[in-house]
Amino acid sequence: PGEAAAALFFVSGSAKPSLATIAGVAVETEKVREMDLGGTDFAALTTASRRSIGERAGIPLWLTDWNNGRYRAAELSYCELRLQYALADDLTILHLPLIFGDLGAATHGLGLGLAAVDGSSALLTASARGSGKRAAIYI
């Protein structure tokens with residue numbers, strides 16, 4: 001499979017109106033990764049999401065990089081249950097690789113662009129398999 005690309009232009013303090021504002025960013029590390037032996041509580045994605053969201057509530061859109069893998073399905077399920085306080089009742093969850101195919105590193109740039117165009121607040125979560133890094137961006 002080929003790689004896709006996304007280009008975003010960030011400006012600080014511009015007089016022009018922006019499409020979106022990145023209001024929170026957090027990165028955590030999952031101690032037990034996909035191929036590791038042992039149990040996990042899948043806490044890193046939840047912790048990163050909580051840190052990026054803060055006290056906000058009613059988030060209507062969640063964009064993920066889930067690609068149909070079993071480990072990450074469990075991780076997202078735990079995260080969704082733990083974030084119920086912040087998610088809108090009519091939450092829309094979009095798994096970008098299942099819509100556009102595996103875009104690699106461009107998935108997250110695409111997600112930021114889609115969230116900006118949507119115009120409402122959104123949570124974008126991302127996972128790196130090898131390092132166990134989990135990121136969350138609140139827009």
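**Stop 1: Ser127.** Select Ser127 and show its side chain: this residue is buried, because its relative accessible area is 17%, and buried means under 20%. Keep in mind as you click around that this is a predicted model. Ser127 belongs to strand E4, which covers residues 122–127. Now show Arg72 as well, and you will find a polar contact of 3.4 Å between the side chains of Ser127 and Arg72. Who else touches Ser127? Leaving out residues up to four places away in sequence, the partners are Asp65, Arg72, Glu75, Lys133 and Arg134.

**Stop 2: the whole chain.** Zoom out and switch to a cartoon view. How many helices and strands does the chain have? There are four helices and five strands. If you trace the cartoon from the N terminus, the order of elements is β-α-β-α-β-α-α-β-β.

Turn the model slowly to get a feel for its dimensions: the C-alpha trace spans about 50 × 40 × 25 Å along its principal axes. A compact globule with 139 residues would have a radius of gyration near 14 Å, and the chain, at 15 Å, agrees with that. Of the contacts with a separation of 6 or more, 73% are between residues 24 or more positions apart.

Next, try a surface view. The accessible surface of the chain is about 8,000 Å², with 55% of it belonging to carbon and sulfur atoms. Buried residues account for 36% of the 139 residues. If you colour by charge, you can look for 12 positive and 14 negative side chains; the centres of these two sets are 6 Å apart.

**Stop 3: Glu34, in a loop.** Go back to the cartoon and select Glu34. You will find Glu34 in the loop that runs between strand E1 (24–29) and helix H1 (43–53). Is Glu34 buried, exposed or partly exposed? Glu34 is partly exposed, since its relative accessible area is 23%. Use the distance tool from Glu34 to Arg70: they are 36 residues apart in sequence, while their C-alpha atoms are 9.1 Å apart in space. Glu34 touches Tyr71, Arg72 and Arg129, with residues up to four places away in sequence not counted. You have met Arg72 before, as the partner of Ser127 in a polar contact.

**Stop 4: Phe42, in the same loop as Glu34.** Move along to Phe42, which also sits in the loop between E1 and H1. Phe42 counts as buried because its relative accessibility is 10%. Check its backbone, too: Phe42 has a positive phi of about 50°, although it is not a glycine.

**Stop 5: helix H1.** Now select the helix itself. Which residues of H1 are buried? They are Ala44, Leu45, Thr46, Ala48, Ser49, Ser52 and Ile53. An α-helix has 3.6 residues a turn, so residues three or four places apart point the same way. Colour the buried residues of H1 and look at what they pack against: E1, strand E2 (59–64), helix H2 (70–82), E4 and strand E5 (133–138).

Pick out one of these buried residues, Ser52 in helix H1. With a relative accessible area of 1%, Ser52 is buried. The side chain of Ser52 reaches the backbone oxygen of Ser49 at 3.0 Å. Beyond residues up to four places away in sequence, Ser52 touches Gly24, Val25, Ala26, Leu123, Ala136, Ile137 and Tyr138. Before you leave, step just past the end of H1 to Gly54, which takes a positive phi of about 70°.

**Stop 6: Asn68.** Jump to the loop between E2 and H2, where Asn68 is located. Asn68 counts as exposed because its relative accessibility is 54%. Here is another residue that is not a glycine with a positive phi, in this case about 85° for Asn68.

**Stop 7: His95.** The last selection is His95, in strand E3 (residues 87–95). His95 counts as partly exposed, with 23% relative accessibility. What does the side chain of His95 make a polar contact with? Its partner is the side chain of Thr64, at 2.7 Å. Apart from neighbours within four places in sequence, His95 is in contact with Thr64, Trp66 and Leu76. For a final distance, pick the C-alpha atoms of His95 and Asn67: they are 7.3 Å apart in space and 28 residues apart in sequence.

Conventions: Residues are numbered from 1 along each chain as its sequence is written. This is a predicted model: local features need pLDDT of at least 70, side-chain atom pairs count only at pLDDT 80 or more; totals for chains, interfaces and linings use all residues. Side-chain values use heavy atoms; hydrogens and water are left out. Helices (H or I, at least four residues) and strands (E, at least two) are DSSP runs, numbered from the N terminus. Buried means under 20% relative accessible area, exposed over 50%, partly exposed in between (1.4 Å probe, protein chains only). A polar contact is a pair of N or O atoms within 3.5 Å; within protein, one must be able to donate a hydrogen and the other to accept it, and residues adjacent in sequence count only if both atoms are side-chain atoms. Contact means heavy atoms within 4.5 Å. The radius of gyration is taken over C-alpha atoms; the globule rule is 2.2 Å times the number of residues to the power 0.38. Accessible areas come from the Shrake-Rupley method with a 1.4 Å probe; for residues, only the protein chains shown count as cover. Lys and Arg count as positive and Asp and Glu as negative; His and the chain ends are not counted. The place of a charge is taken as NZ of Lys, CZ of Arg, CG of Asp or CD of Glu.
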